[in-house]
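Welcome! Have the model at hand as you read this short briefing, which moves from the helices to the surface and then to the loop.

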Amino acid sequence: MVCAVAAARADEVDVLVEQYLDTSSGNAVAALRQAISDALQDAVECRQKLEAAERAASRGFTRQMPMPRMTGTASQ
């Protein structure tokens, strides 16, 4: 099973390599730079989405938190 997943992933990588090379007219350095740039942009976008989801979850959690009950009196 692990070998099949690794082989499928390798095939996907090969397809991406060919696409970047085709786009850059066979210039390997330009293809690599574009691939890195795209990966970094994707990472930033994922980070922003994660931070937005964390903020939304925090607001929802805070709104639904029950208020602590006050027991006893101030004179105790």
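Please keep in mind that this is a predicted model. Two helices will serve as landmarks: α1, covering residues 2-23, and α2, covering residues 28-64. The topics below are a salt bridge, two surface patches, the cysteines and one unusual loop residue.

**The salt bridge**
- How many salt bridges does the structure hold? There is one salt bridge in the structure.
- It joins the side chains of E51 and R47, with 3.0 Å from N to O.
- In general, side chains of opposite charge can pair when their charged atoms come close.
- Both partners belong to helix α2, and because they are four residues apart there, about one helical turn separates them.
- E51 is partly exposed, at 31% relative accessible area, while R47 is exposed, at 53%.

**A nonpolar patch on the surface**
- Look next for L32, I36 and L40, which make up a nonpolar surface patch.
- Together these three residues have about 300 Å² of accessible area.
- L32 is a good place to start: this residue sits in helix α2 and is exposed, with a relative accessibility of 53%.

**A negative patch on the surface**
- Which residues form the negative surface patch? The members are D11, E12, D14, E18 and D22.
- One of them, D22, can be found in helix α1.
- D22 has a relative accessible area of 60%, so it counts as exposed, the cut-off being over 50%.

**The cysteines**
- The count of disulfides is zero, where a disulfide would need a pair of cysteine sulfur atoms within 2.5 Å.
- C3 is exposed, at 67% relative accessibility.
- C46 is exposed as well, with a value of 53%.

**An unusual residue in the loop**
- Where is S25 found? S25 lies in the loop that runs between α1 and α2.
- Its phi is positive, at about 55°, although S25 is not a glycine.
- For background, most residues other than glycine have a negative phi.
- Is S25 buried or exposed? S25 counts as exposed, with 71% relative accessibility.

Terms used. Residues numbered from 1 in each chain as written. Predicted model: local features only at pLDDT ≥ 70, side-chain atom pairs only at ≥ 80, totals over all residues. Heavy atoms only, no water. Salt bridge = Lys/Arg side-chain N within 4 Å of Asp/Glu carboxyl O. Buried < 20%, exposed > 50% of the residue type's maximum accessible area, 1.4 Å probe, protein only. Patch = residues over 30% accessible without salt bridge, like charges linked within 9 Å, V, L, I, M, F, W, Y side chains within 5 Å. Areas by Shrake-Rupley, 256 points an atom, 1.4 Å probe, with all protein chains shown as cover. Lys, Arg positive; Asp, Glu negative; His and termini not counted. Charge placed at Lys NZ, Arg CZ, Asp CG, Glu CD.
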